[in-house]
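Work through these exercises with the structure in view. Try each task before you read its solution.

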Amino acid sequence: MADFSMTASAKSAIQYSGADTHTRELFVESLARGLDMVWKRDFTDKPKQGMLYMSEGTVKQPTAKFQTFRTIGGVVGQNRDTDDMDFVTRADGFGFEVVTYPYRQGIKIERELEETDDVGVIRGMQSDLAENALMTQEYAVADVFNRSIAPTSAPLLADDGMYLIDSDRPNANPEAGTWSNEESTSAITPTSLATAQLNARNTTDENGFPYPRNIVKLLIHKNDEKTVEEIMKSDKNPLNANNTYNTMYNRFKWEVYDYLTTRSIFYIMDDPKSEKNELRFYWRKKPEFKTWVGDNPDVTSQRVRFIFGIGCGSPRKVWRGGLVTA
Amino acid sequence: MASIAFTINPRIVRNGGPITSDVYKSHATTLWLKGTLLKFASGLLTPVVDTKSGAAEIDTDDTGTAVQLFVALEDHIVAGTDFVAVQEILSDTVLEMQLCASSTTSPATAAVTAGTSYAGYQLQNASYEGSGLVALDVDDTTTPVFRVVEVSSNYKPFTNTTTKEYAKVLVKVLPTIVA
């Protein structure tokens with residue numbers, strides 16, 4: 001008689017064998033006879049977003065040093081041809097360092113497992129290592145954004161010594177005062193977005209002269225997707241019943257950053273993949289694989305190795321942001 | 001308040017010893033699941049369990065000193081003396097372990113110090129003669145078994161911090177135990 005009245009009963013988790021080598025004992029069930037289908041359940045379709053927000057560069061040494069120098073800046077004074085002329089100078093700007101670190105992970109496979117594996121339990125391990133490498137990058141980049149606004153500590157500082165998003169940022173030109181790319185903590189509203197856009201327009205350059213920027217895209221926490229969609233798709237202000245025009249209607253593109261764990265919003269003001277984005281992912285070695293047989297000819301090893309670091313010059317041209325309240 | 005919600009056994013990640021399935025025999029009636037820490041009792045493999053009734057700590061009293069320790073690669077859940085697959089833990093073998101706290105509330109990597117030795121804590125498994133999952137007890141440094149080599153916040157700085165993946169350490173078994 002058919003059983004159409006089953007009740008749920010959680011299965012126990014499947015423990016590892018504890019060994020550092022893939023042996024047939026790891027796959028007792030998968031290698032059993034009489035199965036109709038055996039497959040690797042992978043999750044490689046997870047979003048890979050972080051590198052979309054980074055420009056990329058390469059470095060040769062473990063620690064790379066970068067230095068900027070300033071433009072002359074200012075305007076030209078009125079001066080008759082026969083008068084004495086002013087001569088101006090430019091000077092160093094801020095510099096920064098990027099430290100790169102190596103990452104490695106390997107697998108070992110016993111020959112007997114290779115010989116007896118007729119369902120493919122050892123196939124695709126290189127792609128597993130590649131996926132792990134991608135996820136390492138993903139979490140490394142996410143860490144930058146998650147600890148970028150008023151954090152207790154951060155994985156990197158910009159060249160001015162401040163966090164990626166910060167207020168009272170110094171300018172290299174001592175005449176220029178300070179600037180900010182941090183918005184006040186608030187809920188996302190048409191007003192908060194308008195304020196951010198206004199503040200973007202009020203951006204100044206290193207010499208304190210206007211350097212108006214325009215927000216082109218919002219990078220948001222998943223909890224704010226509904227709010228932002230309502231704001232962007234409503235021609236009337238969705239926060240009141242006054243039928244007032246929603247000035248932010250259809251104004252910006254937006255994107256949910258799925259690895260954002262800090263409730264925050266980032267205002268992207270230019271192409272993050274361009275040179276203008278000085279938040280940069282520096283490769284010293286892109287992921288590479290090597291397969292070898294060591295002392296024991298019946299154990300095959302493979303590893304992935306890559307070396308990278310993340311650094312930031314000035315976020316001025318691309319990044320603004322702020323913490324978000326519910 | 002204790003925090004002992006760990007989910008996996010120690011795993012060998014570096015310099016594992018030989019793997020064999022036709023050298024060592026199991027004790028007839030002490031049963032275990034794969035991943036269990038094993039030692040010898042009268043020449044037969046048996047789980048390392050707490051010898052003090054009612055306690056859960058895995059310390060030198062339980063492992064012995066100058067002994068061979070193994071990780072079970074397969075279940076031994078039917079009584080009988082059988083050859084079993086194991087991997088030996090050598091003095092330079094590095095295992096990755098989860099953390100727990102038997103008396104405080106913070107089994108975070110910040111609670112352990114590299115170079116310091118700790119006892120283990122066992123979630124006892126009533127079905128298999130007390131063998132069960134073992135984690136490193138951040139609150140117990142008395143008659144220790146595991147010396148911390150590195151903490152995951154250092155060697156795996158970028159990972160999913162919301163899972164137990166984060167609160168792990170690399171350890172070696174003290175050389176006096178696996179001499």
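**Exercise 1. How many helices and strands does chain B have?**

Solution. Chain B has 2 helices and 13 strands. Helices (H or I, at least four residues) and strands (E, at least two) are DSSP runs, numbered from the N terminus.

Before you go on, two notes. This is a predicted model: local features need pLDDT of at least 70, side-chain atom pairs count only at pLDDT 80 or more, and totals for chains, interfaces and linings use all residues. Residues are numbered from 1 along each chain as its sequence is written, chains are lettered from A and ligands numbered from 1 in the order in which they are written, and side-chain values use heavy atoms, with hydrogens and water left out.

**Exercise 2. Test the overall form of chain B, then of chain A, against the globule rule.**

Solution. Step 1: know the rule. The radius of gyration is taken over C-alpha atoms, and the globule rule is 2.2 Å times the number of residues to the power 0.38.

Step 2: take chain B. For 179 residues, a compact globule would have a radius of gyration near 16 Å; the 15 Å of chain B agrees. The C-alpha trace of chain B spans about 45 × 35 × 30 Å along its principal axes.

Step 3: take chain A. Chain A has 4 helices and 12 strands. Its radius of gyration is 27 Å, well over the 20 Å that the rule gives for 326 residues, so chain A is more spread out than a compact globule. Its C-alpha trace spans about 95 × 60 × 30 Å along the principal axes.

Step 4: look at burial. Buried means under 20% relative accessible area, exposed over 50%, partly exposed in between (1.4 Å probe, protein chains only). In chain A, 41% of the 326 residues count as buried. In chain B, buried residues make up 51% of the 179.

**Exercise 3. Describe where chain B meets chain A.**

Solution. Step 1: count contacts (heavy atoms within 4.5 Å). Here 25 residues of chain B are in contact with 17 residues of chain A.

Step 2: find the area. Buried area is the accessible area (1.4 Å probe) that two parts lose on being put together, summed over both. The two chains bury about 1600 Å² between them, with 56% of it on carbon and sulfur atoms.

Step 3: name the main contributors. R11(B), K34(B) and F158(B) supply 40% of the area that chain B buries against chain A, more than any other three residues.

**Exercise 4. Which residues of α4(A) are buried, and what do they pack against?**

Solution. Step 1: list them. V228(A), I231(A) and M232(A) are the buried residues of α4(A).

Step 2: look down the axis. The buried residues fall within an arc of 95 degrees, so they line one face of α4(A). The arc is that of the directions from the helix axis to the C-beta atoms. An α-helix has 3.6 residues a turn, so residues three or four places apart point the same way.

Step 3: find the neighbours. The buried residues of α4(A) pack against α3, β7 and β8 (253-256) of chain A. The face turned away from the buried side carries the exposed residues K226(A) and K233(A).

**Exercise 5. Where is D298(A) found, and what does D298(A) touch?**

Solution. Step 1: place D298(A). The loop between β10 (279-293) and β11 (299-312) of chain A holds D298(A).

Step 2: list its contacts. Not counting residues up to four places away in sequence, D298(A) touches I109(A), E110(A) and R111(A).

Step 3: compare sequence and space. D298(A) and I109(A) are 189 residues apart in sequence and 8.3 Å apart in space, C-alpha to C-alpha.
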